[in-house]
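Trainee: I have a new structure open and don't know where to begin. Can we walk through it together?
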Amino acid sequence: MVKLNFSKIKKLKTPYPIITMNKFLDLRICKKICREINDFNNYDDLVMNGRFRVNKGSDHFDQQLKQSPNLKSLYNQLNNLKFYKKISNQLNYEISDRINNFYPELNNPSFSKNKFGRQSFKLLSHLRETKFISKLFRQTLNLDMDFSKSKKGYFRVAHRDRDTRVISFLIYLNSFKNKDGGQLEIYETKKNFYTHDKFPRFPEKKAVKKIISFPPKAGQLVVFMSTPDSYHGVSKFKSIKKDRVFIYGSYSMDRKVTWRINA
């Protein structure tokens, strides 16, 4: 079984709660998982300027797990309510220089190991997530996840994740230097641009300011609360020697998350 290490937790001083865990996976396991992802040649899509993905819920995802024992072990440990609660508790810390913090309005949701977020628009799924219809059902939480490999040219502009996401995370499986690009970038919202209920997914450049960036580091886990102002991006990846291999995941609701301000 893949062992998870929670001993190197660091809480960042950022506009929204972010924690990092160095050596969350040891380097030996990272190399094995990298090999499992690189040896798998079937992908669900190519997105975001050069990112190949295998998405939870697809036939390719199931096929990947069947032939990848280390990925399967990691996935099984992440795909449960226990792990969600463990990282959620770590994210509940105060940011001393911030007046208001967002928190999700959750009402004892159930956890589904099989549910997954849709990658394309489907009318029935969309209606199910609407405020009126979703009230008829108990809240459900699930893990969304993809195995990703990005090539030279991959980047992401400042954005926040989908409205259904509560917590998002990244697990880096190989390391790069600053000159290689592919750095995770954290942004803060400039004052007086938005009110808390009007944060667009993709803000204008003038509305946000980059405050922190750091390169991928093998074995590192980065977790953040997917608040309305959780703007982040990725600098342009420049390496031609190897691909940037990582796992993206999020704990998501079966509806749009309602965020409250902790005044």
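Trainee: Let's start with K23. Is K23 buried or exposed?

Mentor: K23 is exposed, with a relative accessible area of 58%. Exposed means over 50%, buried means under 20%, and partly exposed lies in between, using a 1.4 Å probe and protein chains only.

Trainee: Where is K23?

Mentor: In the loop between β2 (18-21) and α1. Its phi is near 60°, a positive value in a residue other than glycine.

Trainee: And what about the phi of N108?

Mentor: N108 is not a glycine, yet its phi is positive, about 50°. N108 sits in the loop between β5 (101-104) and β6 (110-112). At 59% relative accessibility, N108 counts as exposed.

Trainee: Hang on, what am I looking at here?

Mentor: A predicted model: local features need pLDDT of at least 70, side-chain atom pairs count only at pLDDT 80 or more, and totals for chains, interfaces and linings use all residues. Residues are numbered from 1 along each chain as its sequence is written, and side-chain values use heavy atoms, with hydrogens and water left out.

Trainee: How many helices and strands are there?

Mentor: The protein has 6 helices and 15 strands. These are DSSP runs numbered from the N terminus: helices are H or I with at least four residues, strands are E with at least two.

Trainee: How much of the protein is buried?

Mentor: Of its 263 residues, 52% count as buried. The accessible surface is about 14,000 Å², and 50% of that belongs to carbon and sulfur atoms. Those areas come from the Shrake-Rupley method with a 1.4 Å probe; for residues, only the protein chains shown count as cover.

Trainee: New topic. Which strands form the open sheet?

Mentor: There are 4 strands, in the order β8-β13-β10-β11, with antiparallel pairing. The edge strands are β8 (156-159) and β11 (208-214), each pairing on one side only. Two strands pair if DSSP finds at least two bridges between them.

Trainee: How many bridges join β8 to β13?

Mentor: 2 bridges, and β13 covers residues 232-234. H159 has H232 in β13 as its bridge partner.

Trainee: What sits just before β8?

Mentor: F155 is in the loop between β7 (140-150) and β8. F155 is partly exposed, at 31% relative accessible area. Together with V157 and F202, F155 makes a nonpolar surface patch of about 260 Å².

Trainee: Now F169. Is F169 buried or exposed?

Mentor: F169 is buried, with a relative accessible area of 1%. F169 lies in strand β9 (residues 165-172).

Trainee: What does F169 touch?

Mentor: Leaving aside neighbours within four places in sequence, the contacts of F169 include L78, L143, L221 and Y251. Contact means heavy atoms within 4.5 Å. S250 is also in contact with F169. F169 and S250 are 81 residues apart in sequence, but 6.0 Å apart in space, C-alpha to C-alpha.

Trainee: How does that fit the overall contact pattern?

Mentor: Among contacts between residues at least 6 apart in sequence, 83% join residues at least 24 apart.

Trainee: L78 came up. Which helix is that in?

Mentor: L78 is one of the buried residues of α3. Helix α3 (residues 69-78) is mostly covered, with 7 of its 10 residues buried.

Trainee: What covers the buried residues of α3?

Mentor: The cover includes α1 (27-39), α2 (59-66), α4 (81-91), β7, β9 and β14 (244-253).

Terms used: Patches are made of residues with over 30% relative accessible area and no salt bridge: like charges are joined within 9 Å, nonpolar side chains (Val, Leu, Ile, Met, Phe, Trp, Tyr) within 5 Å. A salt bridge is a side-chain nitrogen of Lys or Arg within 4 Å of a carboxyl oxygen of Asp or Glu.
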